[in-house]
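Please read the following account with the sequence and the coordinates side by side. It moves from single residues to the chain as a whole.

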Amino acid sequence: LATMDTQEFPGVSLFGIVPGPLDAPTTFDTVLAAARHLVERLRGQIQDEQGSSLTAQRILNLRDELVHFEHRNRRLRRT
């Protein structure tokens, strides 16, 4: 970590596990915050799972997908 600023990384993948100890939207926000911090430190860019730039609209869509996933998962656990 001490030499991270002097290294080059062609790509870094970040993952959040859902369901997990945090709800899905919180997990997403935590991973996104970590990605944004890495972008600042490494002068990179955030991309989605398709390799496209992560736009504000895509962030909203991903968060919406996670909310739907969480609702489905809760319903399945009740039955």
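Phe 15 makes a convenient starting point, since with a relative accessible area of 71% this residue is exposed. The model is a predicted one, and within it Phe 15 belongs to the segment before H1. Although 48 residues separate Phe 15 from Arg 63 along the sequence, the distance between their C-alpha atoms is 14 Å.

The segment before H1 also holds Pro 19, and the peptide bond that joins Val 18 to Pro 19 is cis, with an omega of about -10°. A second backbone feature is found at Arg 43, where phi is near 55°, a positive value in a residue that is not glycine. Both features can be set against the general background that most peptide bonds are trans and that most residues other than glycine have a negative phi. Arg 43 is located in the loop between H1 and H2, and because its relative accessible area is 67%, over the 50% that marks an exposed residue, Arg 43 counts as exposed.

Taken as a whole, the secondary structure of the chain consists of 2 helices and 0 strands. The radius of gyration is 15 Å, whereas the globule rule gives 12 Å for 79 residues, so the chain is more spread out than a compact globule. Along the principal axes, the C-alpha atoms fill a box of roughly 50 × 25 × 15 Å. Of the 79 residues, 19% count as buried, and among the contacts between residues at least 6 apart in sequence, 47% join residues that are at least 24 apart.

Which residues make up the largest nonpolar core? There are 7 of them, namely Ala 24, Phe 28, Leu 32, Leu 54, Ile 59, Leu 62 and Leu 66. Helix H1, which runs over 24-42, and helix H2, which runs over 56-78, each supply at least two residues of this core. Leu 54 can be followed in greater detail: with its neighbours within four places in sequence left aside, Leu 54 is in contact with the core residues Leu 32, Ile 59 and Leu 62, and its contacts also include Ile 46, Gln 47 and Asp 48.

Two of these contact partners of Leu 54, Ile 46 and Gln 47, reappear in the description of the largest pocket, where they are listed with Val 12, Ser 13 and Leu 14 as the residues that lie nearest its centre. The lining of this pocket comprises 34 residues, and the space within the pocket comes to about 1100 Å³. The elements that give two or more residues to the lining are H1 and H2, and H1 gives the most, with 10 residues. By residue class, the lining divides into 19 nonpolar, 8 polar and 7 charged residues.

A last residue to consider is His 37, whose place is in helix H1. Is His 37 buried, exposed or partly exposed? Its relative accessible area is 44%, and because this value falls between the 20% below which a residue is buried and the 50% above which a residue is exposed, His 37 is partly exposed. The C-alpha atoms of His 37 and Gln 50 are separated by 21 Å, with their positions 13 residues apart along the chain.

Note on methods:
Residues are numbered from 1 along each chain as its sequence is written. This is a predicted model: local features need pLDDT of at least 70, side-chain atom pairs count only at pLDDT 80 or more; totals for chains, interfaces and linings use all residues. Side-chain values use heavy atoms; hydrogens and water are left out. A nonpolar core is a set of buried Ala, Val, Leu, Ile, Met, Phe, Trp, Tyr and Cys residues joined through side-chain atoms within 4.5 Å. Buried means under 20% relative accessible area, exposed over 50%, partly exposed in between (1.4 Å probe, protein chains only). Helices (H or I, at least four residues) and strands (E, at least two) are DSSP runs, numbered from the N terminus. Contact means heavy atoms within 4.5 Å. On a 1 Å grid over the protein atoms alone, a cavity is a set of points where a 1.4 Å probe fits but cannot get out, and a pocket is an open set with protein on both sides within 12 Å along at least five of seven lines; lining residues have an atom within 4 Å of a point. Grid points are joined across faces, edges and corners, and a volume is the space filled by probe spheres set on the points. Ala, Val, Leu, Ile, Met, Phe, Trp, Tyr, Cys and Pro count as nonpolar, Asp, Glu, Lys and Arg as charged, and the others, Gly among them, as polar. The radius of gyration is taken over C-alpha atoms; the globule rule is 2.2 Å times the number of residues to the power 0.38.
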